[in-house]
Amino acid sequence: MNYRNDIRNIAIIAHVDHGKTTLVDVMLKQSKVFRDNQIVGELIMDSNALEREKGITIMAKNTAVVYRGVKINIIDTPGHADFSGEVERVISMADGCLLLIDSVEGPMPQTKFVLRHALQGGLKTIVVINKIDRPNARIPEVIRLTQDLFLELATSADQLDFQLLYTSARDGYAVTEPSREGKDISPLFDCILDNVPPPQIESGPFQMLVSNLDYDSHKGRIVIGRIWRGNVAPRDTVARVNAEGEIDYYEVAEVFTYLGLKRLKAGQAEAGDIVALTGIEEASIGDTIASPEQPEALPRIEIGDPTVEMTFGVNTSPFAGREGRFGTTRQLRERLYRELETNISLQVQDTDSPDTFLVKGRGELHLAILIETMRREGYEFEVSKPEAITRLVDGKLMEPVEVLTIDTAEKYIGVLTEMLSKRQAQLTDMHNDGGGNVRLEFHIPTKGLIGFRSAFLTATRGESVMNSVFLGYQPWHGNVNSARNGVLVASEQGVAVTYGLHNAEERGLTMIEPGMQVYEGMIVGSNSRVQDIPVNVCKEKKKTNVRSSTQDIMVRLTSPLKLSLEQAIDFINKDELVEVTPRNIRLRKKLLSYAQRLREISSTRRSMESSAI
Ligand SMILES: Nc1nc2c(ncn2[C@@H]2O[C@H](COP(=O)(O)OP(=O)(O)OP(=O)(O)O)[C@@H](O)[C@H]2O)c(=O)[nH]1
Ligand SMILES: [Mg+2]
């Protein structure tokens, strides 16, 4: 077996926010891949607009640096559990990984998830305790917890013997002992060169696995992956093996390798390297590209199943067609199916209704990011409440269950455990740091978690953090009774006015401002009671010639409760929809007319009564 000593391939994995992208910044900056006067900013790899706005990584991405003559291909991955399909997708490109762990938070549920994948993939692991600059760092304890995690997950004894390093990605240094003073990141580079095995080269003609796709308006589809065997050059004829084992042939147009933020044109690329090829117009993630002489398929990438589903439908609101550029069934369908090419943990299905599609993802955020992306591209459509995906196993109904971790203050334990027990959560662990901070761990069915986030933030006044990771399927726990309050529903189409909104405020919290267009059946606020009530927010005060008091002129409205897209899909009930357009996010009842809704309520009541008899 041959090795390529001039290359290392590593993935950077961790729980959300433990500092992966910040560490990649430092590696790029200190390896001098930029000109001295080049302004590159921060979190450079989070190049997508939504990534920058939300401060999280959504897609795994490649970059590379050169250190002591060795090219280190680096794959930055997302830490949020909803995007863990990205970790599963790219892990096979790497021979080693940096497992980052926050020096205060310690190993979190997603740390366990990504480490399990790395160990199963046989990657050499370097544990990097990051954020050691934090004043309340608890390094010895974090190391002990990390060792426990390895004991639980290692598939062979030699995996227990991991390298350990300490960093402050923010301040740009790595040290081999926490007591040492840090200068720069070179101890990390040295550690990678010394510990991550160089790529093994199998003998034989060209073979690579497609791990990612990209597009370029001039060059067309770009396929990205690691070459396992042989080499590739522009104008080579290559075979593509698809999921069905069928083979077709293409001519490679260009070959690129990575350096910094650039893709460099290469005359040839060899086994062990990570490359981007153009000219292969049909490839999908998981396909093998190989020499026509020996077109053998590599094992396809395995991706975990989605846990949450919702419908995406053609906009049926009275305002349909006003604000979006794309809104027809054909456009919506085409866009959703196109998403499957790169968003590999997503699934899309047609439904009985030609205007509605069932979209399945790894969590509410996974779906919300797709909705937001489409809305920015000019699409308008409506989406339903997300629901957990159940399965039948041997005739038994099973549902997804998650591990929920909450970091909060002691004073909120009571209210949180009460809210969560209604949602069928079970407390599995509780850790008190002695200073008033607690970490609670629960097992909770996914259905109980849907709609919980906004209630959680309100209950803890935004002072707590929650994280959840898929645990597995368990027998159905029964229905959750987590009744949300009712809503205020516009009773007429028109323009909302101060007087009408002021009246609505007496019933609950409003969600819109004066001047906004509303339609009958649109949700304009949340009620302080459990029923829905119609309100006429377009109602003007009767004009009289005499002003009775100054109070009449100066009606002050409290500022409306503005829901973000994620909050909106978290908020709605089953009989409601979110209408999404490039300009607005509106909440509505599925049945727009009050009379229809009343009929629906009485017919469900009748059917419940008759089934009770
Ligand atoms: N104090 C301190 N903060 C850090 C350090 N490294 C990163 N951070 C901060 O932690 C936050 C998250 O950093 P990111 O690099 O985006 O984390 P990430 O792991 O890439 O996050 P995801 O990709 O969303 O999972 C940012 O606010 C960083 O400034 C560090 O060494 N010390
Ligand atoms: Mg990141």
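# Worked exercises on a predicted model

The backbone nitrogen of Leu298 lies 2.8 Å from a polar side-chain atom of Thr288. The model is predicted, and the exercises below start from this contact.

## Exercise 1. Thr288

Task: place Thr288 in its element, then state which residues it is in contact with beyond four places in sequence.

Solution.
- Step 1. Thr288 is found in strand E19, residues 288–290.
- Step 2. Thr288 has a relative accessible area of 1%. Buried means under 20%, so Thr288 is buried.
- Step 3. Beyond four places in sequence, Thr288 is in contact with Gln207, Met208 and Leu209, with Ala239, Arg240 and Val241, and with Glu296, Ala297 and Leu298.
- Step 4. Leu298 thus appears among the contacts, and its backbone nitrogen is the atom 2.8 Å from the Thr288 side chain.
- Step 5. Asn315 is 27 residues along the chain from Thr288, and their C-alpha atoms are separated by 39 Å.

## Exercise 2. The magnesium ion

Task: name the residues that coordinate the magnesium ion (ligand 2), and work out which parts of the chain they tie together.

Solution.
- Step 1. The donors are OG1 of Thr21 and OG1 of Thr57, at 2.0 Å.
- Step 2. Thr21 belongs to helix H1 (residues 20–30), and Thr57 to the loop between helix H2 (49–54) and strand E3 (61–67).
- Step 3. The pair therefore ties together parts that are 36 residues apart in sequence.
- Step 4. Thr21 and Thr57 are both buried.

## Exercise 3. The seven-stranded sheet

Task: give the strand order, find the edges, and place H1 against the sheet.

Solution.
- Step 1. The sheet is open, with seven strands in the order E3-E4-E2-E5-E6-E7-E8 and mixed pairing.
- Step 2. E3 and strand E8 (173–175) are at the edges, each with a single partner strand, so one side of each has no neighbour in the sheet.
- Step 3. From one strand to the next, the twist averages 30°.
- Step 4. Strands E5 (residues 96–102) and E6 (residues 124–130) pair in the parallel sense over seven bridges. Cys97 has Thr125 in E6 as its bridge partner.
- Step 5. H1 packs on the sheet and touches strand E2 (7–14), E3, strand E4 (70–76), E5 and strand E7 (163–168). The direction of H1 makes about 150° with that of E2.

## Exercise 4. Two serines in loops

Task: for Ser31 and Ser345, state the loop and whether each is buried or exposed.

Solution.
- Step 1. Ser31 lies between H1 and H2. Its relative accessible area is 14%, so Ser31 is buried.
- Step 2. The side chain of Ser31 has a polar atom 2.8 Å from the backbone oxygen of Met27. The Ser31 side chain also reaches the backbone oxygen of Leu28, at 3.2 Å.
- Step 3. Beyond four places in sequence, Ser31 touches Val65, Val66 and Phe189.
- Step 4. Ser345 sits between helix H7 (329–339) and strand E21 (347–350). At 5% relative accessible area, Ser345 is buried.
- Step 5. Residues touched by Ser345 include Gly85, Ile303, Pro306 and His366.

## Exercise 5. Helix H8

Task: check the length of H8 against its expected span, then judge how covered the helix is.

Solution.
- Step 1. H8 covers residues 364–376, which is 13 residues.
- Step 2. At 1.5 Å a residue, H8 should span 18 Å. Its end C-alpha atoms are 18 Å apart, so the values agree.
- Step 3. H8 is mostly covered, with 11 of its 13 residues buried. His366 is one of the buried residues, and it is also touched by Ser345.
- Step 4. Just after H8, Gly378 has a positive phi of about 105°.

## Exercise 6. Positive phi outside glycine

Task: locate Lys131 and Arg235, and state how exposed each is.

Solution.
- Step 1. Lys131 is not a glycine, yet its phi is positive, about 65°. Lys131 is in the loop between E6 and helix H5 (139–153).
- Step 2. With a relative accessible area of 23%, Lys131 is partly exposed.
- Step 3. Arg235 has a positive phi near 75°. Arg235 lies in the loop between strand E12 (231–232) and strand E13 (237–241).
- Step 4. Arg235 has 64% relative accessibility and counts as exposed.

Technical notes. Residues are numbered from 1 along each chain as its sequence is written. Chains are lettered from A and ligands numbered from 1 in the order in which they are written. This is a predicted model: local features need pLDDT of at least 70, side-chain atom pairs count only at pLDDT 80 or more; totals for chains, interfaces and linings use all residues. Side-chain values use heavy atoms; hydrogens and water are left out. Donors are N, O and S atoms within 2.8 Å of the metal (3.2 Å for Na, K and Ca); water is not among the atoms, so sites may look incomplete. Buried means under 20% relative accessible area, exposed over 50%, partly exposed in between (1.4 Å probe, protein chains only). The expected span of a helix is 1.5 Å times one less than its number of residues. Two strands pair if DSSP finds at least two bridges between them. Axes are lines fitted to C-alpha atoms, for helices over the stretch in contact, and angles run from 0 to 180 degrees between N-to-C directions. Contact means heavy atoms within 4.5 Å. A polar contact is a pair of N or O atoms within 3.5 Å; within protein, one must be able to donate a hydrogen and the other to accept it, and residues adjacent in sequence count only if both atoms are side-chain atoms.
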